Amino acid sequence: MQNSSLFCPSNVDYWFIYYCWGGFCLFLLIQVRWVSVISQRKIIHLDMDAFFASVEQRDNQKLQGLPVVVGGQPDSRGVVAACSYEARQFGIHSAMPSSRAHRLCPQAVFVAPRIEAYRAVSVIIQQIFRRYASEVEPLSLDEAYLDVSDSEMFAGSATHIAQAIKAEILEETQLVASAGVSYNKFLAKIASDMDKPNGLYVIKPTQGERFVADLAVAKFHGVGPVTAAKMHRLGIQTGRDLRAKSKQQLQAAFGKSAEYFYNIARAIDLRPVCSVRRRKSLGKETTFTTDIADINVLREQLIELSDKLWQRLERDDLQAKTFTLKVKYANFRQISRALSVAQTIKQPSEMHALLLELLLRVELGQQAVRLLGVTASGFAEQGLADNRGRQLELFDVSDKL
Ligand SMILES: [Mg+2]
C-alpha cells in the first residue's frame, strides 16, 4: 500500500510550499530592482584621440597631415609612445620599437615626447570633466570615466552631456576626443573605441548583452593578447562563446580572472566610478643606449633614475615603504628585487641607500645590463603621511626577495 501523505500534502506541507514560493518571488523582485538600479547608471568614458601625436600636430603646423611618431628616435633603442592616425595606416602602433616603425614608414617624423605639454592639456580636460560630473576617475593623462547618473544637465541625457564635453574640449584645446556612453565602465570603455577618431558611441541597457555577445573577446578590456590566444584555443572567439562557459570551466582556465570574465560576458560590471583613484605603485625605468657592465656606471644610473622617481613621488604627494629594483640583462632575462621598511621613506638619500642595497643583490659583472627600473609602492594614506624625520635602519628592513 502506498503512503498517501506523499501525494496528499498536509497543511504543514502547504505552508512550506507557500513560504518557498513567497521567498522565491521576493528574490525575483530584489533581482529585478537590483538589475534596474545597475542598468540605470550613466557612465561616459572619454579618451583623447592619438593624444601625444595630436598635441604635436597642433603645436607644429608642419606636422599636420604627416605620419608622426612620438617616442624614441629610429636609430635609438626607444619605442613608440604614440603615433598619429597617418602613421597608424602604415601599421605603426604604440610600444613598437622605433626602429621597426621607421622601417614600416621611412617618411615618418619622429618627435621626442613633451610630457609637460601633454600635462597642460590634461589639466584643462580634467577641469572640463568636473564641470559635468561630480564623479570623475582619471585613467591616464587623456582618459577618464565620468558618472553622470545624477546629472540634470541636458534633461539627464548622457549622450548630450558627452557631446557637450567633446565640444568644449575641441574649443579649449583644439584637440579631438572620443566618447563612449553606457551603463557601466566596461561597456563605456569599449564604446569610446568603437568610432574613433572624434567618435560618440552609445550602448543602451537593452543593447549591452547583445553587444557583448557579438564582440570578439580580443577586443574586451582586460583580455590581453596572451589571454585572447588562450581563449581562442578553448574555442572562445566571441562574448557569446565566453558566456557559454560555466563558472567552473572559467575558473579552471583563468583562475582569479574567472569571475570578471563570467560577468563581462553578461555585460555586468559593478565597479563604481571612483574620483579618488588610489595609486598602488609608481615606477620609472630606462633602457640604455648600450648595455652597461660597469657597476659604478650602473650605480650612477640608478641614482639618476631614482631621483626622477622621487620627483614624481613628491609631485603626487606620495610616501612609499617598498622599493623594487628591476634589472633586464643583455640576454633579456629579467629579475626584480624588493625591500620594505616599517615606516615610509622621507628623504631621497634613504631611498638611494635602499636601492643601492638592492643593486648588490642582483647578479652583476657576469652579464651586461640593458634596462634598469625602480618602483615605489606600499604608499601611506595620502594626506595622512607621517612627516616626522626618521633615520633609515637598513637592519630594520623586511626582505621581499
Ligand atoms: Mg587616448
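A residue is called buried here if 20 or more other C-beta atoms lie within 10 Å of its own, the C-beta atoms being placed from the backbone. With that cut-off in hand, select A53 in this predicted model: A53 has 28 C-beta neighbours inside 10 Å, and therefore counts as buried.

**A53 and its surroundings**

A53 is found in helix α2, which spans residues 51-59. Once neighbours within four places in sequence are left aside, the residues to highlight around A53 are V68, V70, A82, C83 and S84, with which A53 is in contact. A distance label can be drawn from the C-alpha atom of A53 to that of A81, which should read 9.0 Å although the two residues are 28 residues apart along the chain.

**The three-stranded sheet beside α2**

Keep α2 in view and add the strands that this helix lies across, namely β2, β3 and β4, with α2 running at about 115° to β2. These strands form an open sheet of three, whose order is β3-β2-β4 and whose pairing is mixed. Strands β3 (80-83) and β4 (109-111) stand at the edges with a single partner strand each, so one side of each has no neighbour in the sheet. From one strand to the next the twist averages 30°.

In general, strands of a sheet pair through backbone hydrogen bonds, and may do so in either a parallel or an antiparallel manner. To see one pairing in this model, select strand β2 (residues 68-71) together with β4: the two run parallel and are joined by three bridges. Within this pair, V69 stands opposite F110 in β4.

**From α2 to α5**

Next, show α2 and α5, which pack at an angle of about 100° with their axes 10 Å apart. Angles of 65 to 115 degrees count as roughly perpendicular, and α2 and α5 are therefore placed in that class. To display the contact as side chains, pick F51, F52, V55 and D59 on α2, and A117, Y118 and V121 on α5. Sorted by class, the residues of this contact are six nonpolar, no polar and one charged.

**From α5 to α6**

Staying with α5 (residues 115-132), bring in α6 (residues 158-173); these helices pack at an angle of about 150°, and their axes are 10 Å apart. Because an angle over 145 degrees counts as roughly antiparallel, α5 is described in that way relative to α6. The crossing in which α5 passes α6 is right-handed.

Which residues of α5 and α6 make the contact? On α5 the selection is V121, I124, I125, I128, F129 and Y132, while on α6 it is I161, A164, I165, E168, I169, E172 and T173. By class, this contact of α5 with α6 has ten nonpolar, one polar and two charged residues. When viewing such a selection, it helps to recall that an α-helix has 3.6 residues a turn, so residues three or four places apart point the same way.

**The covered helix α7**

Now move to α7 (185-192), which is mostly covered, eight of its eight residues being buried. The buried residues to select are K185, F186, L187, A188, K189, I190, A191 and S192. To see what covers these residues, add the elements that include β1 (43-48), β6, β7 (177-182), β8, α8 (208-214) and α12 (258-264).

**Three backbone details**

After α7, follow the loop that leads to β8 (200-202), where P197 has its place. A cis peptide bond joins K196 and P197, with omega at about -10°.

Two phenylalanines deserve a check of their backbone angles. F154, in the loop between β6 (143-147) and α6, has a positive phi of about 50° although it is not a glycine. Is F154 buried, partly exposed or exposed? With 15 other C-beta atoms within 10 Å, F154 is partly exposed.

F332 lies in the loop between β10 (320-329) and β11 (334-340), and likewise is not a glycine although its phi is positive, at about 75°. F332 has 8 other C-beta atoms within 10 Å and is exposed.

**Zooming out**

Finally, display the whole chain, whose secondary structure comes to 14 helices and 13 strands. Of the 401 residues in the chain, buried residues make up 30%. Among the contacts with a separation of 6 or more, residues 24 or more positions apart account for 61%.

Key:
Residues are numbered from 1 along each chain as its sequence is written. This is a predicted model: local features need pLDDT of at least 70, side-chain atom pairs count only at pLDDT 80 or more; totals for chains, interfaces and linings use all residues. Axes are lines fitted to C-alpha atoms, for helices over the stretch in contact, and angles run from 0 to 180 degrees between N-to-C directions. Helices (H or I, at least four residues) and strands (E, at least two) are DSSP runs, numbered from the N terminus. Angles under 35 degrees count as roughly parallel, over 145 as roughly antiparallel, 65 to 115 as roughly perpendicular and the rest as oblique. A crossing is left-handed if the near helix is turned anticlockwise from the far one by less than a right angle, and right-handed if clockwise. Two residues are in contact if their C-beta atoms, placed from the backbone, lie within 7 Å. Ala, Val, Leu, Ile, Met, Phe, Trp, Tyr, Cys and Pro count as nonpolar, Asp, Glu, Lys and Arg as charged, and the others, Gly among them, as polar. A residue is buried if 20 or more other C-beta atoms lie within 10 Å of its own, exposed if 12 or fewer, and partly exposed in between; C-beta atoms are placed from the backbone. Two strands pair if DSSP finds at least two bridges between them.
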